[in-house]
Structure formats: structure tokens, C-alpha cells
Amino acid sequence: MTLSDIAAGVEVTSRQRDRGVALADDTETPLVDRLSDHAESLPCTPAATATLVDAYTAGRSVGDAAREAGVSPMTAAKALHRCGVAGICPLSPTGCDVVRDWLAGRTSRSEAVELTGGDEADFALATYVETHDPVDAVAEAVDAQVAGSAPLGDGLGGDDPLGDALGSTDGLR
């Protein structure tokens with residue numbers, strides 16, 4: 001069997017987001033200032049969103065990040081989704097298909113909730129994810145913030161679940 005035999009019939013069924021060339025953001029403009037222009041697209045204030053992004057990308061859970069930002073976990077998940085953070089939807093791909101079927105009117109809501117195997121909150125968040133795309137400009141600002149942020153393990157605070165497992169980054173240069 002040759003490689004062409006193996007690849008026969010393979011086709012692309014979805015598109016990737018073209019992120020362009022990776023670059024480090026050296027503008028030193030705080031994330032909250034970059035988010036201010038898009039405040040109407042976010043489910044919470046730019047300041048709360050910036051706090052969410054900082055906490056979540058430092059390794060905290062959505063719930064912990066929400067407490068730090070002073071918003072509900074549902075609002076935090078919605079804000080992170082609008083910021084282009086992947087993996088926020090609590091349902092499996094099959095569950096997301098069921099939500100799409102419900103949105104298209106092919107199934108009843110009660111049946112869709114039952115078929116997803118989640119609860120009402122999971123279904124509501126999945127519905128939000130399916131009906132609201134990430135805001136491109138906000139996602140780019142967050143990507144730039146994350147690209148210029150501290151290395152993994154730095155800034156987790158006193159409740160760092162990894163302890164000293166990652167070691168210090170001082171001797172890496």
C-alpha cells in the first residue's frame with residue numbers, strides 16, 4: 001500500500017483560523033485598554049475580562065478566574081469564549097451537534113437537553129458558544145497578551161498546584 005492509496009478520499013471538512021506570523025507584542029499597552037474599544041461585544045467590563053484572561057492563562061480554572069474578576073462563572077466562560085479562548089464549551093462535539101439541531105428547529109429543547117447529557121447551564125453555555133463567535137480584534141489582543149506573558153508556572157500564586165515541579169526560569173538563559 002502506498003501513501004497515495006492511504007490518502008485517497010481524504011478531504012478537508014473544516015477550516016483552521018489563520019493566525020499569521022507569530023510575533024511578540026512590545027506595545028506595552030495594557031490588555032484592558034485594548035479591550036475598551038470592544039466593550040459592547042463583551043459580557044462583562046474590559047477590566048473584568050482582562051482579569052479573567054490573566055487568571056485563566058496563568059492556569060486557574062474558569063471558576064477561580066471568575067471569583068478573581070468578580071463575575072459569575074457563566075459570564076466568565078462567555079467572556080473567555082468571546083476572547084477566542086478555545087475549549088470553553090462544556091459539551092462534546094456530538095452534544096454541540098444536538099445544540100445546532102435545536103437551534104435549527106429540528107428537535108425540541110427538552111429533547112436536546114436530554115440528548116446532550118449535560119445540565120441546563122451546560123446547554124445554555126453551549127448555545128451561547130454556538131450563537132456568538134469570538135470577536136477577532138479581541139482575540140488578537142488576547143493572543144498578543146498571552147504571547148508576551150510570563151512562562152508557564154510563573155504567577156500562579158501561593159495556591160500553585162504544581163509547587164516547584166516546573167522549577168525556576170532564572171537559569172534558562
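This report describes the fold of one protein chain and a few of its residues.

The model is predicted: local features need pLDDT of at least 70, side-chain atom pairs count only at pLDDT 80 or more, and totals for chains, interfaces and linings use all residues. Residues are numbered from 1 along each chain as its sequence is written, and side-chain values use heavy atoms, with hydrogens and water left out.

**Overall fold**

The protein chain has nine helices and zero strands. Helices (H or I, at least four residues) and strands (E, at least two) are DSSP runs, numbered from the N terminus. The pattern along the sequence is α-α-α-α-α-α-α-α-α. The chain has 173 residues, and 27% of them count as buried. Buried means under 20% relative accessible area, exposed over 50%, and partly exposed in between (1.4 Å probe, protein chains only). The chain exposes about 11,100 Å², with 51% of it supplied by carbon and sulfur atoms. Those areas come from the Shrake-Rupley method with a 1.4 Å probe. Take the contacts between residues at least 6 apart in sequence: 59% join residues at least 24 apart. A contact means heavy atoms within 4.5 Å.

**Two helices that pack**

Helix α3 (residues 46-57) packs against helix α5 (residues 73-82) at an angle of about 85°, and their axes are 10 Å apart. That makes α3 roughly perpendicular to α5, a label for angles of 65 to 115 degrees. The axes are lines fitted to C-alpha atoms, for helices over the stretch in contact, and angles run from 0 to 180 degrees between N-to-C directions. From α3, T49, L52, V53 and Y56 meet A76, A79 and L80 of α5. By class, this contact has six nonpolar residues, one polar and no charged. Ala, Val, Leu, Ile, Met, Phe, Trp, Tyr, Cys and Pro count as nonpolar, Asp, Glu, Lys and Arg as charged, and the others, Gly among them, as polar.

**Three residues**

The table gives their relative accessibility.

| Residue | Helix | Relative accessibility | Class |
|---|---|---|---|
| T116 | α7 (residues 109-116) | 14% | buried |
| R34 | α2 (residues 31-36) | 18% | buried |
| E140 | α9 (residues 136-147) | 54% | exposed |

Leaving aside residues up to four places away in sequence, T116 touches L91, G95, V98, V99 and F123. A polar atom of the R34 side chain lies 3.5 Å from the backbone oxygen of A141. E140 and G84 are 56 residues apart along the chain, yet their C-alpha atoms are separated by 8.2 Å.

Conventions. Parallel < 35°, antiparallel > 145°, perpendicular 65-115°, else oblique. Polar contact = N/O pair within 3.5 Å; in protein donor to acceptor, adjacent residues only side chain to side chain.
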